[in-house]
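Please read this report with the sequence and the structure side by side. It begins with the confidence of the model and then turns to the chain and to one pair of packed helices.

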Amino acid sequence: MDFQYVNSLIQLDDEGTNGEIRYAISNTWLNSLTTSITNNPIDNTDISEPFEFQDRSKVWILMSTVEKNVDAVFVSEKVWKTLEDHFKNKLSTPIHVKRIGAGVNHRWVPAIPICITDEMKIVYGLVFSDETANTVLERFEGSMGYDKDVCSLYYSNDGSTIKLDGNRSIFSIIPKQFCRIIVKSLRKNTGSNPLRGYAKHVSYHDTEANSQQNNDIFGSIESFPAETESESETDEPEPGAITMAQVGESQVLPLQLVEILSSKKGAGVVGLNNMGNTCFMNSGLQCLLSSPPLIEFFLSTSWRSMINKKNKDGTGGHVARGFGELIENAWSGKFRSIAPRDFKQAIQRFNPRFRGFAQEDSHELILSTLDGLLEDMNQNKKKTYVEVPELCKTRDEHARLYWEAHQSQIRHPIMADIQGQYYGSLKCTNCNGESHTFDPFMVLSLPIPSPKKVFRVVFVPRDGEPVEFGFVGSSDIVGSSLKRVIAEKLGINTSMFGLARMSQKRSYTYNYTSSYSSYSNRSPNRGKSSVEFKVIDSNERVEAARSYYSRPADSKLLAFETANSSTASPQHKVLAVHFGKRSRSSYGRTSYDKLSVAPVFISYTGQRDEINPATISDIIDPIIEIHGVDILGIKHVTGYNTDYFVAEIGSDSVSTLTTALTRDLNGVRKDNSVLESLGTKGISLRNCFEELSTPECLDTDETWKCPHCKQRVSPVKMTKLWSAPKMLTIQLKRFGANSSRYHRVDTDIDFPEVIDIAPFVEHPQQSTVYELYAVSLHHGSLGGGHYTAAVKHAVNRSWFYCDDSHVRSCDLNSVSGSAAYVLMYMRRE
């Protein structure tokens, strides 16, 4: 029979119906017919693999990597019979697949070998993944000789049993691999045992048996006497049976998959070769290769058939194939180390930042890999944009609409396992109305709170005595946040005072005796000291004092009440007016030298460019005149990185004004409510969660328009966790900018192996207890450093330290908290 005839039979065959069982034929064999002279029997060895039962009988099952129309075609029984007649039964062993679903959303599932036993007999056979426990009971009733109406099925593993729900697919509870199923009677002992009887021998190769309804495929049967009869009175699991909750706590993978991986020596313990500054990639990959949801998905499903090559936002399946093959190799037990070249080629196609061999970020690698997997296997053939309304009746409804809009873009079997939702809100300071967003995330970025320290502040009112007090705050708090804390302490609004730093500058003189080219006999002499005031801007980070009783000359923060505080309101802003004297002109321009005199702060409304020098003069003239000092004029000084107002005074007035506006601030009354600095204590992961949900007032000129009152205000921003995924990936924000300078946060983070995040989840729908299984570590500085990883083996539950190609066992307590960068947790079901 030539190729054209066979191909025509296949082309004329229909697509099948839901629940229909079909036969797989290798495309390799079909293509061989084009050059073959004789009619070669069907050869399916390239798409199937043998499975040997304990009685040495074999069955052939479809490989998990086979893709329909790419590697094989699935034909109806009619076409198979036609081929069978032509080859006179010289066909290979039938390989069965079953169609699940109708229309374009259908899928094909292969047959799975199982063992059915009642402790007296054993039947080996094949079932499909959609079959329920009741269906399996009915199919094997004739062979086993039991009464299905008074029996139930149990899954057996390591001496423990789990009862299978009769109306659920057995493979929704246990792994889609060979398994041992026990039949147990639910009837009290009445003298007759419904499990007794003998089943006829049905051979898998018996074509007559194979043609029975639903293609009952059974292996050989072994009978043996039972030592005891196990009969249960009720439908409850017998004593010692493991409940599903207990299984979830002890295992992170399906039990059958655990058995398979346990049989492979060294599976999951593999190093990754450094290919040139790729330690960041190896660190991120080790975390992903140890992720239970990814292990289960890529080792238990036909993931290749899910690749969407037409998705323009993906890589044509390159990232999915690169990672899928990498995880298969890592858990094969065949390698001690692997060079992930194919994966690197794939990921740099998806994200160009990984091209070349420059040092990159393990967090970005993890995020790009997960994103690439979703896009490469996106089951939405056509993305649709769904607009979410800005306001909804309830937050639950709003969150659901956001998630459905997200699903219209991406749909993937493990999307719910790796993606959660943020809850973001903007609160109007005018009407208290709120606007919500519920954005998806794959990596939860947590800020690292700065260690708490004590700040010393002197409040200088326009009338009355200054008072010094201390408070505990973040060691790198910014000016705007510092003002809010002080305002709350004093019971006034932030527009009623301005902030400045006062420090005493000391000058020194040195006597040098020159001897050849060196200096000797250096003798410092204490010179004069002067006071310097520096205004603290809103975005400037302010360092705390080392102790509440630090030397007064070191540095003090001063809060000066504004000159027009009686007219200030919460909407007002604060402007500092410096004092200065005219200096020499250069290139025809007049410049001013700032004086070591406390500035005068004034409140104003509107924009900065609306400030009028005449208005400023009207406010500060009365203050200065009482000291007998005249202002020569108010000047607006601008230039490169310069923008301030200066009140010009004469040289003869400098000492008078200095005495008047600079009080003896070293002997002010102290509020001793805070005594000593808290120092730099360690930060816990819980503190990072708390920092995430800390409200933040957006002090920006670009005000937000409230959707409720339609007014433009500076809102209060808050970010929380709405829902958490099964695989919770946390990035600690160790890299950031401080005063226009990038830096690395070296704070030691105390991260627990088990954490309950219930206080930080707004809408918990499942368990909120998570167990740590991987840590990406960064050692060194911002500009360089080295990445490693610590991972918990998904099978033996031991910790391993991964440094590129070197892997060794380790203790989690030895992992540095200051190096922890990405933490990966798994939900305890």
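## Confidence, make-up and a helix pair

Over residues 546–554 the pLDDT stays under 50, and for this stretch the model has 29 contacts beyond four places in sequence. The model is a predicted one, and the protein chain as a whole averages a pLDDT of 75, with 75% of the residues scoring at least 70. Another stretch, residues 507–528, has a pLDDT below 50, and in the model it makes 27 contacts beyond near neighbours in sequence. The two helices at the extremes of confidence in the protein chain are set out below.

| Helix | Residues | Mean pLDDT | Place in the chain's confidence |
|---|---|---|---|
| Helix 6 | 207–210 | 32 | lowest |
| Helix 9 | 279–289 | 96 | highest |

The secondary structure of the protein chain consists of 19 helices and 43 strands, and of its 829 residues 48% are buried. When contacts between residues at least 6 apart in sequence are considered, 69% of them join residues at least 24 apart.

Helix 11 (residues 318–330) packs with helix 12 (residues 341–350) at an angle of about 150°, and their axes lie 8 Å apart. Because angles over 145 degrees count as roughly antiparallel, helix 11 is roughly antiparallel to helix 12. The contact is made by His 318, Val 319, Gly 322 and Phe 323 from helix 11, together with Phe 343, Ala 346, Ile 347, Arg 349 and Phe 350 from helix 12. Of the residues in this contact between helix 11 and helix 12, six are nonpolar, two are polar and one is charged. The crossing of helix 11 past helix 12 is left-handed.

How values were computed:
Residues are numbered from 1 along each chain as its sequence is written. This is a predicted model: local features need pLDDT of at least 70, side-chain atom pairs count only at pLDDT 80 or more; totals for chains, interfaces and linings use all residues. Side-chain values use heavy atoms; hydrogens and water are left out. pLDDT is the predictor's confidence in each residue, from 0 to 100. Helices (H or I, at least four residues) and strands (E, at least two) are DSSP runs, numbered from the N terminus. Contact means heavy atoms within 4.5 Å. Axes are lines fitted to C-alpha atoms, for helices over the stretch in contact, and angles run from 0 to 180 degrees between N-to-C directions. Angles under 35 degrees count as roughly parallel, over 145 as roughly antiparallel, 65 to 115 as roughly perpendicular and the rest as oblique. A crossing is left-handed if the near helix is turned anticlockwise from the far one by less than a right angle, and right-handed if clockwise. Ala, Val, Leu, Ile, Met, Phe, Trp, Tyr, Cys and Pro count as nonpolar, Asp, Glu, Lys and Arg as charged, and the others, Gly among them, as polar. Buried means under 20% relative accessible area, exposed over 50%, partly exposed in between (1.4 Å probe, protein chains only).
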